[in-house]
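Me: I've got a model open here and some labels I'd like to poke at. Can you walk me through where they come from?

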Amino acid sequence: MGRVTLAKRNILFGYVGQLATALMSFVLRTIFIRNLSEQLLGINSLYTNILSILSMAELGIGTALNYSLYRPVAEHDTEKIKSYMQMYRKAYGVIAMVVAGIGLSIAPFLKYLVKKPGAITVRQMTLYYFIFLFNTVSTYFVAYKYSLCNAEQKNYIQTNINTVTKLIVTGLQIAAVVLTKNFLLYLVTDAAVQLVQKIFVSFYLNRLYPYLRDRNIRPLTKQESGEVWTKTKALVLHKVGDVARLQTDSLLISSFIAVAVSGYVDNYNMVINAVSNFVNIIFNSVISGFGNLIATESREYQYRMFRVYRFFASWVYGFAVTGFFILLTPLIRLWLGDSWVLPFSAVSLILVDLYFKGDRIVLSNFKTAAGVFEQDKYLALIQGAVNLVLSIVLVRRIGLAGIYVGTVVSGLIANVTKPIIIYRVCFDRKADGYFTDTAKYTAATAAVIAALYGISRPLLSHLSIATFVLTGAVITVVFNGVFFALFGRSSECRYLVDLIRNRKR
C-alpha cells in the first residue's frame, strides 16, 4: 500500500473514532457537571495534568526508537525490527517503575496542590490519585508495541482499539454517575476497562507480529544503540521543556487560583481539543509517511511536500481558530450557562496560542520524521523557563490571563527558531520564504476574524441554537472563500486539489 493510501485509511478511521468519542465525551461531561461537584471536575483535570507531567519520565526514547524503526520497516528487515523492539520493551519497563516511584512520592503533597477543595478530604484526594497513577503506569507495559504498527503507517490499528475502549468506558461511566453519583466508581470503571484493553492489545499484537515473541534476538550494535541514546539525550531536554511549557497550566491554576477553575478551563479545552483532534488526525497520520518519504525520496521532493503540509495546516488551523474566536464562548453559554464562562482575555490568549500551535505541529512532526532532535535541544528548556517565570509572575497580577501570556510568548520562541533549523538542516535553505508565508497566512486569518466578529455580533445578540448554526455557516463560507480567493492559485493549493482528484501518488 502507498503512503497516500495508508494516510487516507489512518485519517478515515481517525475521524470515525474521534467523532464517536467526542460525542460520548460531551455527553459524559454534561452528566458529570450536573451530578458531581465543580471541585471533582477540577480534581479530574488536575490529576490528568500531573500524570502528563510524570510521563516526562519517558524522556523521548519512544520518539527516538520510532524514528529508528522507519528504515528497517521500509526494508522489511525483521531481525533489525526485533532488536529495536527488544530495546524498546526493556526501556519502557524501567520507565514504568520510575513513573510509579515518582508518582508515589508526590502523593503526600497533594493537599498543597489543591486550593479550595470543598468537601473533598485528603484521603479521598489520595485514593483518586492512586487510580490515575495505576492507569498511567500500566500503559507502559503495552504502549511500546504500538510503535511497530505506527512505523508501518498502520496508525488505524491503535485508533480503532482506543475508540472501542473509549466508547465502552464512557458508556459505563455515564451509568455510574447517573445511578450512583459516585466519583470513585467513575474512576474504577475506567481503570478496569483500560486494564482489560491492555491485556487484549498485548495478545493481539503478539499474534499480528509473532516474531515479537522470539527469544533469539540479536542485540543492536554499539553504533545503532548509540544513535538511539544520542537522540534520546537530546529529546530529554525537549521533553522537560515541553512539560514545563505545556503541562503546567492546570497545576498553576489549581495552586494559585482555585481547583474549581481548572474544571472551568477544562470545559473550554474539551471543546478545543475535540476539534483539534479532528485536525491533528490528518497531521499525525502522515508522520510515519514522512519518515518513509525522507528515507526514500530526494531533498527537493521533501521540501515540496513540507510546503504543502504547512499550507494545509495554516488553512485548517486558521479556520478552526476563526470559528473558536466567534463561537466558543457562545457554545459554553448554550451548553452550561453564563456562570461557566471564562474572561475574554484568557480565551483570546488560548486561541492565539492554538493558531501558532498549528505551525509548531507541522515543524515538530517533520523534525520527528527526519530525526532532527539535537540541533534545538536547549530550545524547549528556554521555552519552559520563560513560560513558568511569566506565568507565575503574571498570575499574581492579572489572574488567569497571566498564565496564558506565558504560554503564548514561550510558544512563539519555537515559531521563530524551529523553521530556521529545519530549513538549514533538512533542506539546505534559508527560512525567509517560510516567514513570508507566515505573515501572509496570519494577516489573512486576522482580517477575516475581525470582519466576522463584526458580522456575527447582530446574529448572536439573541443567542439560540438556530443563530449559533447560522453564524457557523457564515464563518465557513466567508473564511474558506477568502482563503481560496487569496491562495487558490498557489502550487501548494493546486497540489491538494489534484490529490483530492487522485492525480498525485
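**Labels and the numbers behind them**

Reply: Sure. Let's start with the largest cavity: α14 (299-335) and α18 each supply at least two residues of its lining. Keep in mind that this is a predicted model.

Me: Which helix gives the most to that lining?

Reply: That's α14, with 4 residues. The full lining is Phe306, Arg307, Arg310, Phe311, Tyr423, Tyr434, Asp437, Tyr441 and Glu492.

Me: What makes something a cavity here rather than a pocket?

Reply: In a cavity a 1.4 Å probe fits but cannot get out, whereas a pocket is an open set of points. The structure holds 1 cavity of 30 Å³ or more, and the largest cavity has about 50 Å³ of space.

Me: How does its lining split by class?

Reply: There are 5 nonpolar residues and 4 charged ones, with no polar residues. Tyr counts as nonpolar in this scheme, so Tyr423, Tyr434 and Tyr441 go in with the nonpolar group.

Me: Glu492 is in that lining. Which residues of its helix, α20, are buried?

Reply: In α20 (residues 491-500), the buried residues are Glu492, Cys493, Tyr495 and Leu496. They cover an arc of only 155 degrees around the axis, so they sit on the same side of α20.

Me: What do the buried residues of α20 pack against?

Reply: They pack against α14 and α19 (465-487). So α14 turns up twice, since α14 also gives the most to the lining of the largest cavity.

Me: Why is Cys493 called buried?

Reply: Its relative accessible area is 3%. Buried means under 20%, so Cys493 qualifies. Cys426 gets the same label because its 6% is also under 20%.

Me: How many disulfides does a search of the whole structure find?

Reply: It finds 0. A pair of cysteine sulfur atoms has to be within 2.5 Å to count, so no pair in the structure meets that cut-off.

Me: What about Ser456: buried or exposed?

Reply: Buried: its relative accessibility is 5%, and the limit is under 20%, so the label follows. Ser456 lies in helix α18 (residues 432-460). Leaving aside neighbours within four places in sequence, Ser456 is in contact with Ile326 and Thr471.

Me: Let's go to α9. Why does Thr189 count as buried, while Ser202 counts as partly exposed?

Reply: Both are in α9, with Ser202 placed in residues 183-208 and Thr189 in that helix too. Thr189 has 14% relative accessibility, under the 20% limit, so Thr189 is buried. Ser202 has 22%, which falls between 20% and 50%, so Ser202 is partly exposed.

Me: Which residues are those two in contact with, leaving aside neighbours within four places in sequence?

Reply: Thr189 is in contact with Leu172, Gln173 and Ala176, and Ser202 with Val142 and Lys145. As for C-alpha separations, Thr189 and Thr170 are 9.2 Å apart, with their positions 19 residues apart along the chain. For Ser202 and Phe141, 61 residues apart along the chain, the separation is 8.7 Å.

Me: What makes the phi of Lys181 worth flagging?

Reply: Phi of Lys181 is near 50 degrees, a positive value in a residue other than glycine. Most residues other than glycine have a negative phi. Lys181 is found in the loop between α8 (155-180) and α9. With 46% relative accessibility, Lys181 stays below the "over 50%" needed for exposed, so the label is partly exposed.

Me: And why is Asp428 called exposed?

Reply: Its relative accessibility is 62%, and exposed means over 50%, so Asp428 makes the cut. Asp428 also has a positive phi, about 55 degrees, although it is not a glycine. Asp428 lies in the loop between α17 (400-426) and α18.

Me: Zooming out, how many helices and strands does the chain have?

Reply: The chain comes to 20 helices and 0 strands. Buried residues make up 52% of its 505 residues.

Me: What share of the contacts between residues at least 6 apart in sequence join residues at least 24 apart?

Reply: That share is 83%.

Conventions:
Residues are numbered from 1 along each chain as its sequence is written. This is a predicted model: local features need pLDDT of at least 70, side-chain atom pairs count only at pLDDT 80 or more; totals for chains, interfaces and linings use all residues. Side-chain values use heavy atoms; hydrogens and water are left out. Buried means under 20% relative accessible area, exposed over 50%, partly exposed in between (1.4 Å probe, protein chains only). Contact means heavy atoms within 4.5 Å. On a 1 Å grid over the protein atoms alone, a cavity is a set of points where a 1.4 Å probe fits but cannot get out, and a pocket is an open set with protein on both sides within 12 Å along at least five of seven lines; lining residues have an atom within 4 Å of a point. Grid points are joined across faces, edges and corners, and a volume is the space filled by probe spheres set on the points. The arc is that of the directions from the helix axis to the C-beta atoms.
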